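Here are some exercises to work through with the model open in your viewer. Try each task before you read its solution.

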Amino acid sequence: MRLVWQLLAVAAVAFVGGQAVAAVDGNWFLTLVLGLLTAVGAVFVYRWVVRRTEHRPAVEAGRDGARAAFGRGALVGVVTFACVIVNIAFLGDYTVHGAGSVTAAVGQVGFMAAAAVTEELLFRGVLFRIVEERTGTWIALVSTGVLFGLMHLLNKDATVWGALAIAIEAGGMLGAAYAATRTLWLPIGLHFGWNFAESGIFGTEVSGSGTHQGLLDASTSGSQLITGGTFGPEASIYSVLLGVLVTAGFLWLAHRRGHLVPRRRRGVPAGAVATLPR
């Protein structure tokens with residue numbers, strides 16, 4: 001039941017916050033404020049529901065080291081997506097037409113913060129963590145990655161290939177980031193950095209959900225395999241390849257730190273894996 005209660009609690013914040021942000025679409029200041037409030041509120045609710053249902057502090061979303069872990073994750077996200085854009089631009093399929101809007105980009109900080117925090121709390125904080133306790137890291141990584149990709153089929157202009165690409169590059173990369181660090185702040189930062197770079201900096205489509213104006217006024221054209229087509233660069237083969245590389249790096253780090261959880265044998269308590277070193 002803890003999985004159900006935790007999912008419901010965080011999903012409620014995500015829904016209310018999402019509706020509030022959608023209601024002020026076009027107002028960069030209110031988007032920033034409401035987005036950040038949603039992110040903060042989701043973290044507090046996650047900590048509260050974990051304490052109530054598991055009778056422990058939610059150390060994976062604790063304050064200790066949060067700023068540094070978020071910053072490292074955001075840097076990895078921005079750099080990784082920038083590499084995707086550079087490769088697309090090298091083939092002439094990404095064109096910058098001029099400067100975009102600073103205020104619109106600032107508004108995207110709130111929008112992407114809300115999305116990154118709520119989605120990571122749901123998929124890595126609740127689903128991945130609890131499934132991993134029962135089945136081990138590998139099954140948790142694959143199952144939650146697939147579910148994360150399927151969720152994106154609900155987006156406008158979604159495609160099966162786009163959902164598969166998200167499952168591989170994002171579901172794998174973000175799950176591996178949590179496995180390697182045992183803190184949610186690094187995958188939250190990685191998720192935020194990737195998405196903000198995609199829309200807030202480079203002005204491209206985000207997972208088929210629409211193009212948001214960022215610091216650059218730009219467009220993509222050419223082969224869907226390269227640009228991702230209407231779904232956006234997340235469906236680009238470059239995103240998949242770079243996502244796999246980053247995932248492999250995090251999994252190597254998780255293995256080196258002894259953070260990979262084997263499939264639980266009969267008779268071993270599920271909570272035994274919850275005390276992994278961080």
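Keep in mind that this is a predicted model.

**Exercise 1. Find the buried side of H1.**

Task: Which residues of H1 are buried, and what covers them?

Solution. Start with the buried set: Gln6, Ala9, Val10, Val13, Gly17 and Val21. Now look down the axis of H1: these buried residues fall within an arc of 95°, so they line one face of the helix. Next, turn to the face pointing away from that buried side, where you'll find the exposed residues Phe15, Val16, Ala22 and Ala23. Finally, check the cover, which includes helix H2 (28-54) and helix H4 (102-135).

**Exercise 2. Check two helix lengths.**

Task: How far do H1 and H2 reach from first C-alpha to last, and what would you expect at 1.5 Å a residue?

Solution. Take H1 to begin with: residues 2-23, 22 residues in total, reaching 32 Å, which is close to the expected 32 Å. Then do H2: its 27 residues reach 38 Å, close to the expected 39 Å. While you're on H2, pick out its buried residues, among them Thr31, Gly35, Ala39, Tyr46, Val50 and Glu54. The cover over the buried residues of H2 includes H1, H4 and H7.

**Exercise 3. Trace a salt-bridge network.**

Task: Which residues are linked to Glu54 and Arg2 in a network of salt bridges?

Solution. Begin with the pair itself: the side chains of Glu54 and Arg2 meet in a salt bridge, at 3.1 Å from N to O. This pair links distant parts of the chain, with Glu54 in helix H2 and Arg2 in helix H1, 52 residues apart.

From Arg2, step across to Glu133: their side chains meet in a salt bridge of 2.6 Å, N to O. Arg2 lies in helix H1 and Glu133 in helix H4, so this pair ties together parts that are 131 residues apart in sequence.

Go back to Glu54 and you'll see a salt bridge to Arg56, with the closest N and O atoms 2.7 Å apart. Put it together, and the network links Arg2, Glu54, Arg56, Glu60, Arg129 and Glu133. For the whole structure, the count is 9 salt bridges.

**Exercise 4. Sort the network by exposure.**

Task: Are Glu54, Arg56, Glu133 and Arg2 buried, exposed or partly exposed?

Solution. The cut-off you need is under 20% relative accessible area for buried and over 50% for exposed, with partly exposed in between. Glu54 has 15%, so it is buried. Arg56 has 19%, so it is buried as well. Glu133 comes in at 4% and is therefore buried. Arg2 has 22% relative accessibility, so it counts as partly exposed.

**Exercise 5. Look into two loops.**

Task: What is the sign of phi in His55 and Arg182, and is each residue buried or exposed?

Solution. First, the background: most residues other than glycine have a negative phi. His55 has a phi near 55°, a positive value. Likewise, phi of Arg182 is near 55° and positive. Now place them: His55 lies in the loop between H2 and H3, while Arg182 is in the loop between helix H6 (160-181) and helix H7 (185-201). Then check exposure: His55 is exposed, with a relative accessible area of 70%, whereas Arg182 is buried, with 3%.

Ala58 also sits in the loop between H2 and helix H3 (66-90). Ala58 is buried, at 9% relative accessible area. Skip its neighbours within four places in sequence, and its contacts are Tyr46, Arg47 and Val50. The C-alpha atoms of Ala58 and Trp48 are 8.2 Å apart, for a separation of 10 residues along the chain.

**Exercise 6. Spot a nonpolar patch.**

Task: Which residues form the nonpolar patch on the surface, and which helix gives the most to it?

Solution. Mark Val142, Val146, Leu147, Leu150, Leu153 and Val160; together they have about 540 Å² of accessible area. Next, sort them by element: helix H5 (residues 137-151) gives the most, with 4 residues. Val142 lies in helix H5, and at 54% relative accessibility Val142 counts as exposed.

Conventions:
Residues are numbered from 1 along each chain as its sequence is written. This is a predicted model: local features need pLDDT of at least 70, side-chain atom pairs count only at pLDDT 80 or more; totals for chains, interfaces and linings use all residues. Side-chain values use heavy atoms; hydrogens and water are left out. The expected span of a helix is 1.5 Å times one less than its number of residues. Buried means under 20% relative accessible area, exposed over 50%, partly exposed in between (1.4 Å probe, protein chains only). The arc is that of the directions from the helix axis to the C-beta atoms. Contact means heavy atoms within 4.5 Å. Patches are made of residues with over 30% relative accessible area and no salt bridge: like charges are joined within 9 Å, nonpolar side chains (Val, Leu, Ile, Met, Phe, Trp, Tyr) within 5 Å. Accessible areas come from the Shrake-Rupley method with a 1.4 Å probe; for residues, only the protein chains shown count as cover. A salt bridge is a side-chain nitrogen of Lys or Arg within 4 Å of a carboxyl oxygen of Asp or Glu.
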